[in-house]
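Student: I'd like to go through this one with you and ask what lies behind each label. Can we take it step by step?

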Amino acid sequence: MTATRTRQRDGREAIPVLLGLAAVKVAVHLATAGRYGWHRDELYYAAAGRHLAFGYPDFPPVTPLLARLSELIFGGSLAGFRVLPALAGAAIVVLAGLLARELGGGRAAQVLAGLAVLGSPMFLGANALLQTVTFDQLAWVVVLFLLTRLLRTGDPRWWPAVGAAVGVGLQTKFTMFTLALGIAVGVLATPVRRHLRTPWPWLAAGIALVVLAPNLVWQAVNGWPTLEFLDQQTTEVAGEESPLSFAVDTLLLVGPLALPLCAGGLWVLFSRTRYRALGWTCLVPPVVMLATQAKAYYAGPLYPLLLAAGA
């Protein structure tokens, strides 16, 4: 039996388990969804959702749109408002297992990756609330899954799908720019740069810009308020975040037990030429976030890939 057939068999066997873990994830969140009151950010997104636009000063339009959709489906129910983030978190659990499969992991590795994400404080906390964080996490993991599939197959025709996912991610949270920068560095620093001689990566960039275009037009018409907001926010948080606090927060959010998997995963990505671009992709965003004194959880969407590689 070839390695490909073995991976396909293990993948089929692991999928029911991954779906079971996803179901546990949803059940846990929904069982506790109504036990705590509204978070102030949730009220903010709910209010923004009643005034839909192509942009807002401090976030792109996807989260307010999802908040409005939740309100239309579930009315004013707090538990209903938190269904979509729970489903997004469940999707991340499944995608973590699928990432392990793309990287060559068998059934045990896929289940371990799903379990690691399921038990991570980062995702347990973020996926309990309707905020940009949860949907940003899902967008990053989708991009990373598509990029991993591209690298495994060597088929540059996956680039347009990567570009579309990046565009949706940019419409969710602008931290996606750091992931896009990481991908660019990974491409330039590895043999994947040969793809630049084909039209596919350039088409991907064009698709991402087209998806982002409505927000760019809104920004231009309204005097680029997000740039002003980001500049003010950077000034306000200056000195609050340090490399030490970033590292401590990361340890607490990922979970000490999962940290060895992340470290091992980074080693795996850099040790395999085929996936080395993913290693660079995982290194660049935290460096940028440290330089800009961003919060440690902004880099959280990278951990499903690292956990999968470690598994």
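**Reading the labels**

Tutor: Let's start with contacts: among those between residues at least 6 apart in sequence, 77% join residues at least 24 apart. Keep in mind that this is a predicted model. The protein averages a pLDDT of 92, and 94% of the residues score at least 70.

Student: Where is confidence lowest, and where is it highest?

Tutor: The lowest mean is 80, in helix 12 (residues 225-236), while helix 9 (residues 159-170) has the highest, at 98. Where pLDDT is low, the predicted coordinates shouldn't be read in detail.

Student: What does the secondary structure of the protein come to?

Tutor: The count is 16 helices and 0 strands.

Student: How do you know whether the radius of gyration agrees with a compact globule?

Tutor: Set the value against the rule: a compact globule with 311 residues would come out near 19 Å, and the protein has 19 Å, so the two agree. Along its principal axes, the C-alpha trace spans about 55 × 45 × 40 Å. As for burial, 49% of the 311 residues are buried.

Student: Back to helix 9. How do you know that its span agrees with its 12 residues?

Tutor: At 1.5 Å a residue, those 12 residues should span 16 Å. The end C-alpha atoms of helix 9 are 16 Å apart, so expectation and model agree.

Student: And what makes helix 9 largely enclosed?

Tutor: Buried means under 20% relative accessible area. In helix 9, 9 of the 12 residues are buried, so the rest of the structure largely encloses it. Among them are Trp159, Pro160, Val162 and Leu170. The cover over the buried residues of helix 9 includes helix 8 (132-153), helix 10 (176-188) and helix 11 (200-221).

Student: What makes helix 16 mostly covered?

Tutor: Of the 8 residues in helix 16 (residues 303-310), 7 are buried. Those buried residues are Tyr303, Pro304, Leu305, Leu306, Leu307, Ala308 and Ala309.

Student: On to the rings. How many aromatic pairs does the structure hold?

Tutor: There are 8 aromatic pairs.

Student: Why is the pair of Tyr45 and Phe59 called edge-to-face?

Tutor: Ring centres have to lie within 6.5 Å for a pair, and planes over 60 degrees apart count as edge-to-face. The centres of Tyr45 and Phe59 are 5.0 Å apart and their planes stand at 70°, so the pair earns the label. Tyr45 lies in helix 2 (residues 40-49) and Phe59 in the loop between helix 2 and helix 3 (62-74), so the pair ties together parts that are 14 residues apart in sequence.

Student: Are Tyr45 and Phe59 buried or exposed?

Tutor: Tyr45 has a relative accessible area of 7%, so it's buried. Phe59 has 4%, so it's buried as well. Tyr44, Tyr45, Tyr56 and Phe59 form one aromatic cluster.

Student: What about Phe270 and Trp280: what kind of aromatic pair do they form?

Tutor: Phe270 and Trp280 are 5.4 Å centre to centre with 80° between the planes, and their pair is edge-to-face. Phe270 sits in helix 14 (residues 259-271) and Trp280 in helix 15 (residues 276-291), so this pair ties together parts that are 10 residues apart in sequence.

Student: Why is Phe270 called partly exposed?

Tutor: The partly exposed class runs between the 20% and 50% cut-offs. Phe270 has 24% relative accessibility, so it falls in that class. Trp280, with a relative accessible area of 32%, is partly exposed too.

Student: What makes Lys173 lie over the face of Tyr298?

Tutor: For lysine, NZ has to be within 6 Å of the ring centre and within 35 degrees of the ring normal. Lys173 lies over the face of Tyr298, at 4.7 Å from the ring centre.

Student: Where is Thr281, and how do you know that it's buried?

Tutor: Thr281 is in helix 15. Its relative accessible area is 1%, so Thr281 counts as buried. Leaving aside neighbours within four places in sequence, Thr281 is in contact with Leu144, Leu147, Leu179, Gly182, Ile183 and Leu302.

Student: One last thing. What is the phi of Trp224?

Tutor: Phi of Trp224 is near 55°, a positive value in a residue other than glycine. Trp224 is found in the loop between helix 11 and helix 12. At 39% relative accessibility, Trp224 counts as partly exposed.

Note on methods: Residues numbered from 1 in each chain as written. Predicted model: local features only at pLDDT ≥ 70, side-chain atom pairs only at ≥ 80, totals over all residues. Heavy atoms only, no water. Phe/Tyr/Trp six-rings, centres within 6.5 Å; stacked < 30°, edge-to-face > 60°. Helix = DSSP H or I, 4+ residues; strand = E, 2+ residues; numbered from the N terminus. Buried < 20%, exposed > 50% of the residue type's maximum accessible area, 1.4 Å probe, protein only. pLDDT = per-residue confidence, 0-100. Expected span 1.5 Å × (residues − 1). Contact = heavy atoms within 4.5 Å. Rg over C-alpha atoms; globule rule 2.2 N^0.38 Å.
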